Amino acid sequence: ELAARVRTFGGNGRTSDGHAVPLLANVGAPDGAQAAADAGAEGVGLFRTEFCFLDRTEAPSIEEQVAQYRQVLAAFPGKKVVVRTLDAGADKPLPFLTNTQEPNPALGVRGLRTASRDPQVLEDQLAAIAQAAQAETAEVWVMAPMVATTSETEEFVARCTAHGLTTAGVMVEVPSAALQSGQILARADFASIGTNDLTQYAMAADRLLGELAPLQTHWQPAVVQLIAATCRGGAQQGRPVGVCGESAADPAFAVVLVGLGVATLSMSPRALPDVAAVLESVTLEECRALARTAVDAETADDGRAAVRGRLPVLEDLG
Ligand code: PEP
Ligand code: MG
């Protein structure tokens with residue numbers, strides 16, 4: 001029965017009692033967008049635009065950007081596509097934008113911060129996204145990476161509005177943004193939690209260091225609490241909060257996220273069937289109870305074990 005559900009997964013994420021949780025895809029290079037659509041993704045929750053330009057020493061032209069962005073939008077006609085502005089940083093240097101000489105690049109001029117030094121690159125990108133959105137039918141949402149403050153949010157949303165991009169949001173991947181999410185979401189249309197970086201910064205554990213893996217898990221109760229705080233801010237403002245970090249691809253954690261109030265889950269396309277199957281095995285009320293278990297856990301291992309132990313459907317997954 002489970003195998004049949006997985007085979008027929010057509011991208012309608014929902015709990016057993018019918019609470020809809022759109023399951024979206026993370027997309028890097030544009031030529032992966034069609035495969036994501038074929039895998040049943042209901043839209044794109046994270047288009048990592050920096051992957052289009054990783055090797056460049058010169059900023060890409062607006063025309064070239066439009067062509068790349070259109071390829072992703074074209075794979076999702078009429079569907080939501082969340083386009084993230086360039087997230088240059090420690091793990092993804094963009095030679096035309098980032099200074100690789102920083103002593104501590106994960107804490108440096110990365111993500112939206114590069115726009116203070118080089119506003120034209122962001123301006124050109126927003127112009128390109130707006131042109132691509134005009135040419136295709138996908139519903140384009142734009143969001144900025146590595147937002148830490150309300151003023152950064154305000155400035156980013158104003159820039160988007162000036163380009164006619166009317167749905168503008170921010171990623172919550174810095175603890176300061178999680179704690180201020182209410183004020184941030186008074187200024188932005190939506191938030192998407194990047195749990196990879198949120199975990200890195202909450203636990204002060206470099207995401208590139210395998211040695212720190214026990215600290216680098218989204219099951220850390222402090223990380224779960226930051227996600228909960230972000231969702232409370234969203235609920236307070238009536239704005240949707242999604243998750244687009246790797247944690248959304250962990251089926252047991254996806255249930256916790258839904259219980260915390262996360263509206264959409266975005267993941268690598270291959271994770272979609274398992275997450276859909278586990279979500280379909282629980283009610284929204286059960287998700288909330290499992291979320292409380294994860295929030296209240298004393299350790300990451302306790303939280304993971306307690307939640308997994310209450311999801312028998314996990315045993316049926318490959
Ligand atoms: C994240 O940090 O969780 C995220 C989705 O962004 P990236 O992995 O591209 O930094
Ligand atoms: Mg990130």
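**Figure 1. The largest nonpolar core of the predicted model.** This core holds 95 residues. Those with the most contacts inside it are Val-44, Val-170, Leu-257, Leu-265 and Val-275. Helix α11, residues 251-260, gives the most to this core. Its contribution is eight residues. A second, separate core has six residues. Cys-52, Leu-86, Ala-88 and Leu-94 are among them.

**Figure 2. Surroundings of Val-275.** Val-275 is one of the residues with the most contacts inside the largest core. The view leaves aside neighbours within four places in sequence. What remains in contact with Val-275 is Leu-23, Ala-249, Pro-251, Ala-254, Leu-265 and Met-267. Leu-265 is also listed with Val-275 for the most contacts inside that core.

**Figure 3. The shell around ligand 1.** Ten positions are labelled here by name. From the earlier part of the chain come Leu-46, Arg-48, Asp-87 and Glu-173. Gly-194, Thr-195, Asn-196 and Asp-197 follow. Cys-244 and Gly-245 complete the shell. Two elements give two or more residues each: β2, residues 43-48, and α9. The largest share, three residues, comes from α9. By character, the shell divides into two nonpolar, four polar and four charged residues.

**Figure 4. Glu-173 and Asp-197, a pair annotated in UniProt.** The unreviewed UniProt entry lists both under "binding site". They are spread over 25 residues of sequence, yet they cluster in space. The largest C-alpha distance is 5.2 Å. Both residues also belong to the shell around ligand 1. Glu-173 sits in the loop between β5 (168-172) and α7 (175-179). Asp-197 lies in helix α9, residues 195-203. Glu-173 is buried because 28 other C-beta atoms lie within 10 Å. Asp-197 has 24 C-beta neighbours inside 10 Å, so Asp-197 counts as buried too. Beyond four places in sequence, Glu-173 is in contact with Met-146, Ile-193, Gly-194, Asp-197 and Leu-198.

**Figure 5. Asn-196 and a second annotated set.** Another "binding site" annotation in the unreviewed UniProt entry covers Arg-48, Arg-84, Asn-196, Asp-197 and Arg-207. Of these, Arg-48, Asn-196 and Asp-197 appear in the shell around ligand 1. Asn-196 is placed in helix α9. How many C-beta neighbours does Asn-196 have inside 10 Å? The count is 17, so Asn-196 is partly exposed. A residue needs 20 or more to count as buried. Not counting residues up to four places away in sequence, Asn-196 touches Arg-207, Gly-245 and Glu-246. Arg-207 is in the annotated set, and Gly-245 is in the ligand 1 shell.

**Figure 6. Helix α9 and what covers it.** Seven of the nine residues of α9 are buried, so the helix is largely enclosed by the rest of the structure. The buried residues are Thr-195, Asp-197, Leu-198, Thr-199, Gln-200, Tyr-201 and Ala-202. Their cover includes β5, α7, β6 (190-193), α10 and β7 (241-243). Just after α9, Ala-204 takes a positive phi of about 50 degrees.

**Figure 7. Two positive phi values: Met-146 and Ala-204.** Most residues other than glycine have a negative phi. Phi of Met-146 is near 60 degrees. Phi of Ala-204 is near 50 degrees. Met-146 is in the loop between β4 (139-144) and α6 (150-162). Ala-204 is in the loop between α9 and α10 (221-237). Is each residue buried or exposed? Met-146 has 23 C-beta neighbours inside 10 Å, so Met-146 counts as buried. Ala-204 is exposed because there are 8 other C-beta atoms within 10 Å. Met-146 is also one of the contacts of Glu-173.

**Figure 8. Strands β2 and β3 side by side.** The two strands pair in the parallel sense over four bridges. Gly-43 stands opposite Lys-80 in β3. Strand β3 spans residues 80-84. Four of its five residues are buried, so β3 is largely enclosed by the rest of the structure. Strand β2 is one of the elements that give two or more residues to the shell around ligand 1.

Notes. Residues numbered from 1 in each chain as written. Chains lettered and ligands numbered in written order. Predicted model: local features only at pLDDT ≥ 70, side-chain atom pairs only at ≥ 80, totals over all residues. Core = buried A, V, L, I, M, F, W, Y, C linked by C-beta atoms within 7 Å. Buried ≥ 20, exposed ≤ 12 C-beta atoms within 10 Å, placed from the backbone. Contact = placed C-beta atoms within 7 Å. UniProt positions renumbered as here; feature names shortened; annotations may be inferred. Near = placed C-beta within 6 Å. Nonpolar A, V, L, I, M, F, W, Y, C, P; charged D, E, K, R; others polar. Pairing = 2+ DSSP bridges.
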